[in-house]
Amino acid sequence: MNSTPTRCVLFDLDGTLADTAPDLGAALNRVLEEEGLAPLPMSATRPVTSQGVRGLLRIGLGIGPDDPDYQTLAQRVLKHYAAGICQHTRLFDGMAAVLDALESQRVKWGIVTNKHARFTEPLVDALGLAQRAACVISGDSAAHPKPHPAPLIMACERANVPTEHSIYVGDDLRDIQAGQAAGMRTIAAAWGYLGDGEAIHEWGADHIASTPEALLDVVLSINVQ
């Protein structure tokens, strides 16, 4: 499988391509303050950022989707997030160079995220990536979100690249599961949020990259095999 040249690299957004934790954590803290509660430090909110509002409300208020107040509180968090979606969000250090290098090697790249399009699209645009990406697939673009393979298969169709010639890079177990189910090679992004479940070495990814620079080395090494 590793002898198959890479024609497209697909990235998860939160925790892989961009550090969105500051703005998502700030949105949760606005709601906590409205509820008369103390804000949480970044060290508490950062690990669950890839889980979105579900993870944030779990650590912030101890509630899940089954709680009767969950939907109302989730919408309040999302309203604050939409109002400040790219105030502090940035590409991870080294990731801009990775995208430049892929483009110089004529390797397509795209984004596949579980974030809904109403947040994905303005964020990707604010980061200056909308016109460069071969595809941008959001959590509500396909019939099912990750870990289902549908979004990744859709991304490859949009990029006009077979799944077996593609790599998916993500910082959460469900990213690796989705990539494997879609028939792609997978790379776990160790610089990301990683969640609070199984350790990254237990995810079964084809490779683990400690930094964006290491990620590029892996992709280029696959291409020359």
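## A walk through the sheet, a helix and a pocket

Start by selecting Ile111 and Val136: in β5, Val136 is the bridge partner of Ile111. You're looking at a predicted model, by the way, so treat this as a tour of a prediction.

**Stop 1: along the sheet**

Now widen the selection to the two strands around that bridge. β4 and strand β5 (residues 136-137) run in the parallel sense and pair over two bridges. Colour β4, residues 108-112, and check how covered it is: four of its five residues are buried.

Ile111 has another partner for you to find. Select Phe11 and you'll see that its bridge partner in β4 is Ile111. Phe11 takes you to the next pairing, where strand β1 (residues 8-11) and β4 join in the parallel sense over four bridges.

Keep β1 on screen and add strand β6, residues 166-170. These two also pair in the parallel sense, over four bridges. For a landmark, click on Leu10, which stands opposite Tyr168 in β6.

What is the order of the strands in the open sheet? Show six strands and read across: β5-β4-β1-β6-β7-β8, with parallel pairing. At the edges sit β5 and β8 (207-209), each of which pairs on one side only.

**Stop 2: Thr186 in β7**

Next, pick Thr186, which has its place in strand β7 (residues 185-189). Is Thr186 buried or exposed? Its relative accessibility is 0%, so Thr186 counts as buried.

Turn on the contacts to see what Thr186 touches. Leaving out residues up to four places away in sequence, the list is Tyr168, Ile176, Gly179, Gln180, Ala205, Asp206 and His207. You've met Tyr168 already, as the residue opposite Leu10.

**Stop 3: helix α7**

Select residues 150-159 to bring up helix α7. The helix is mostly covered, with seven of its 10 residues buried. Try highlighting Ala150, Pro151, Leu152, Met154, Ala155, Cys156 and Ala159, which are the buried ones.

What do the buried residues of α7 pack against? Show β1, β4, β5, β6 and α8 (173-181), and you have the answer. Before moving on, click Asn160, just after α7: this residue takes a positive phi of about 60 degrees.

**Stop 4: a pair of rings**

Here's a quick tip for the next view. A pair of aromatic rings is described by how far apart the centres are and by the angle of the planes.

Select Tyr81 and Phe119 and show their side chains. They form a tilted aromatic pair, 5.8 Å centre to centre with 45 degrees between the planes. Tyr81 belongs to helix α4 and Phe119 to helix α6, so the pair ties together parts that are 38 residues apart in sequence. Both Tyr81 and Phe119 are buried.

**Stop 5: the largest pocket**

Last stop: switch on a surface and look for the largest pocket. Its volume is about 600 Å³. There are 25 residues lining the largest pocket, and the closest to its centre are Gly52, Val53, Asn114, Lys115 and His116, so select those five to find your way in.

Now colour α3 (52-61), α4 (70-83) and α6 (117-126), the elements that give two or more residues to the lining of the largest pocket. Which element gives the most? That's α4, with six residues.

Finally, colour the lining by class: you should find eight nonpolar, 10 polar and seven charged residues.

Methods
Residues numbered from 1 in each chain as written. Predicted model: local features only at pLDDT ≥ 70, side-chain atom pairs only at ≥ 80, totals over all residues. Heavy atoms only, no water. Buried < 20%, exposed > 50% of the residue type's maximum accessible area, 1.4 Å probe, protein only. Contact = heavy atoms within 4.5 Å. 1 Å grid on protein atoms, 1.4 Å probe; cavity = no way out; pocket = protein on both sides within 12 Å on 5 of 7 lines; lining within 4 Å. Points joined across faces, edges and corners; volume = space filled by probe spheres on them. Nonpolar A, V, L, I, M, F, W, Y, C, P; charged D, E, K, R; others polar. Phe/Tyr/Trp six-rings, centres within 6.5 Å; stacked < 30°, edge-to-face > 60°. Pairing = 2+ DSSP bridges.
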